[in-house]
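Let's take a friendly walk through this protein, one stretch at a time. Keep the sequence and the 3D view beside you as you read.

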Amino acid sequence: MTVPHSDPEHLAFVHLHHVQLAIPAGGEDACRAFWGGVLGMHELEKPAELGARGGCWFRSGGVEVHLGVEEDFRPAHKAHPGMLVARIDDVAARLAAAGIEVTWDDAFPGHRRFYTADPFGNRLEVLQPLG
């Protein structure tokens with residue numbers, strides 16, 4: 001493999017635009033209930049040419065999640081998005097009130113964090129910096 005430039009700064013990555021998680025066919029209503037209802041994210045209108053594929057998109061603050069239909073769906077148990085939040089206890093409380101398991105983990109220095117899962121078993125990490 002040939003690398004065109006020796007200085008990676010020329011690439012100038014800005015930030016992550018979105019993360020996509022797979023969902024099974026017909027899972028859009030469960031996504032709306034979870035991402036929109038429980039987590040309070042706003043659903044985005046998908047472009048018409050992409051809307052025919054199914055799935056749905058959500059955004060809150062600087063976090064955008066695309067949920068895409070995958071024919072041979074299998075949940076991601078290890079790979080996951082790590083989402084920074086301003087009030088982690090409020091997020092955990094909303095999940096718990098909806099009957100969704102929250103597993104706290106203190107092994108990430110400088111942050112409070114927990115793991116949870118979407119309605120299809122995809123792993124999600126929620127973090128808040130300390131201080």
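## A hairpin with six residues in between

Trp104 faces Phe114, which lies in strand 7. This is a predicted model, so please read every value here as computed from that model. Strand 6 covers residues 103–104 and strand 7 covers residues 111–117; the two are antiparallel and share two bridges. Together, strand 6 and strand 7 make a hairpin, with six residues separating them. Look for Gly110 in that turn: its phi is positive, at about 80 degrees.

## On to strand 8

Strand 7 also pairs with strand 8, which spans residues 123–129. Here the pairing is again antiparallel, and seven bridges hold the record of it. If you would like a pair to find on screen, try Thr116, which has Leu124 of strand 8 opposite.

Which glycine in the turn between strand 7 and strand 8 has a positive phi? That residue is Gly121, with a phi of about 95 degrees, in a hairpin that leaves five residues between its strands.

## A sheet of four strands

Now turn to an open sheet whose four strands come in the order 1-4-3-2, with mixed pairing. Why does one side of strand 1 and of strand 2 lack a neighbour in the sheet? Strand 1 (19–23) and strand 2 are the edge strands, and each has a single partner strand, so one side of each stays free of a neighbour in the sheet. On average, neighbouring strands of this sheet are turned by 30 degrees against each other, ignoring direction.

It helps to recall a general point: strands of a sheet pair through backbone hydrogen bonds, in either a parallel or an antiparallel way. In this sheet, strand 1 and strand 4 are parallel and share five bridges, with Ile23 opposite Val69 of strand 4. Helix 1 packs on the sheet and touches strand 1, strand 2, strand 3 and strand 4, while its direction makes about 5 degrees with that of strand 3.

## Following the antiparallel pairs

Strand 3 (residues 56–60) pairs with strand 2 (residues 42–44) in the antiparallel sense, over three bridges. Strand 3 is also antiparallel to strand 4 (residues 63–69), and five bridges join these two.

Phe58 is a handy landmark here. Phe58 is the bridge partner of Glu43, and Val65 in strand 4 is the bridge partner of Phe58. Strand 3 and strand 4 form a hairpin with two residues between the strands, where Gly61 has a positive phi near 55 degrees.

## Helix 1 up close

Helix 1 runs over residues 28–38, and its buried residues include Cys31, Phe34 and Trp35. Glu28 and Val38 of this helix are buried too. Just after helix 1 comes Gly40, with a positive phi of about 70 degrees.

## A histidine to remember

Is His66 buried or exposed? Its relative accessible area is 4%, and buried means under 20%, so His66 counts as buried. This residue sits in strand 4.

What does the side chain of His66 meet? One polar contact, of 2.7 Å, is with the side chain of Glu64, and another, of 3.4 Å, is with the side chain of His18. Leaving aside residues up to four places away in sequence, His66 touches His18, Val19, Gln20, Leu21, Cys56 and Trp57.

Note on methods
Residues numbered from 1 in each chain as written. Heavy atoms only, no water. Pairing = 2+ DSSP bridges. Buried < 20%, exposed > 50% of the residue type's maximum accessible area, 1.4 Å probe, protein only. Polar contact = N/O pair within 3.5 Å; in protein donor to acceptor, adjacent residues only side chain to side chain. Contact = heavy atoms within 4.5 Å. Axes fitted to C-alpha atoms, helices over the stretch in contact; angles between N-to-C directions.
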